[in-house]
Amino acid sequence: TGWSDAELMFQWVIDNAETYNLDTSNIIIGGSSRGSILSWIYGHRPNTNIKGLYMYNALPNRVWASPGSWLPTDNVTIESPPIYFVYNREPGSSSDPIDPNFHDPNNGIIIVNKYQDLGIGDKATLVHSIGQTNNDDKYQFLVDFALSVIETCQ
């Protein structure tokens, strides 16, 4: 249901782009926790207008619990867009009771490794442990990432 709802939302953006002056040729898809799951499949479809994925605490442990039904790595292809993962905790934090959704950076590392295996490792970035820094803003890297991947008019 969530993936179907995400499809409706993305179609609404396309259908209403002119009304709201949206540039649909430079789309950055974002998601946090469950939002990363809901936007994942759409974000990995071949679409030259999707310039990147920015994910915070992405792909929590429960995503990997039923590999027979869906694995995020199945959607990663050589055409996958650049991706930027940001995690609050350090790798190996999956058993931390403070974070019941188990947002372990090791889950993002699995995806970074898949990008590397496909020869597109330069398109994948992961930072972690921002909760242990003076700047724990999950969007602190977004503007630089967006500027690095969008096509600007010269």
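Is Arg45 buried, exposed or partly exposed? In this predicted model, Arg45 is partly exposed, at 38% relative accessibility. The side chain of Arg45 forms a salt bridge with that of Glu7, with an N to O distance of 2.7 Å. Glu7 belongs to helix α1, residues 2-15, while Arg45 sits in the loop between α3 (34-43) and β2 (50-56), so the salt bridge ties together parts that lie 38 residues apart in sequence. Glu7 is also partly exposed, with a relative accessible area of 27%.

The count of salt bridges is two. The other pair joins Arg89 and Glu90, whose closest N and O atoms are 3.8 Å apart; this falls inside the 4 Å limit for a salt bridge. Glu90 has a relative accessible area of 25% and is partly exposed. Arg89, at 22%, is partly exposed as well, because the limit for a buried residue is under 20%.

The interior comes next. In soluble globular proteins, nonpolar side chains tend to be buried together. Here the largest nonpolar core has 25 residues, and Ile29, Trp40, Leu59, Ile83, Phe85, Ile111 and Tyr115 have the most contacts inside it. At least two residues of this core come from each of α1, β1 (27-32), α3, β2, β3 (83-86) and α4 (105-117). A second core, separate from the largest one, has seven residues, among them Tyr54, Tyr84, Ile130 and Val149.

Tyr115 can be followed further. Leaving aside residues up to four places away in sequence, Tyr115 touches His44, Val76, Ser80, Pro81, Ile83, Ile120, Gly121, Lys123 and Ala124. One of these, Ile83, is listed with Tyr115 among the core residues with the most contacts.

Notes: Residues numbered from 1 in each chain as written. Predicted model: local features only at pLDDT ≥ 70, side-chain atom pairs only at ≥ 80, totals over all residues. Heavy atoms only, no water. Helix = DSSP H or I, 4+ residues; strand = E, 2+ residues; numbered from the N terminus. Buried < 20%, exposed > 50% of the residue type's maximum accessible area, 1.4 Å probe, protein only. Core = buried A, V, L, I, M, F, W, Y, C linked by side-chain atoms within 4.5 Å. Contact = heavy atoms within 4.5 Å.
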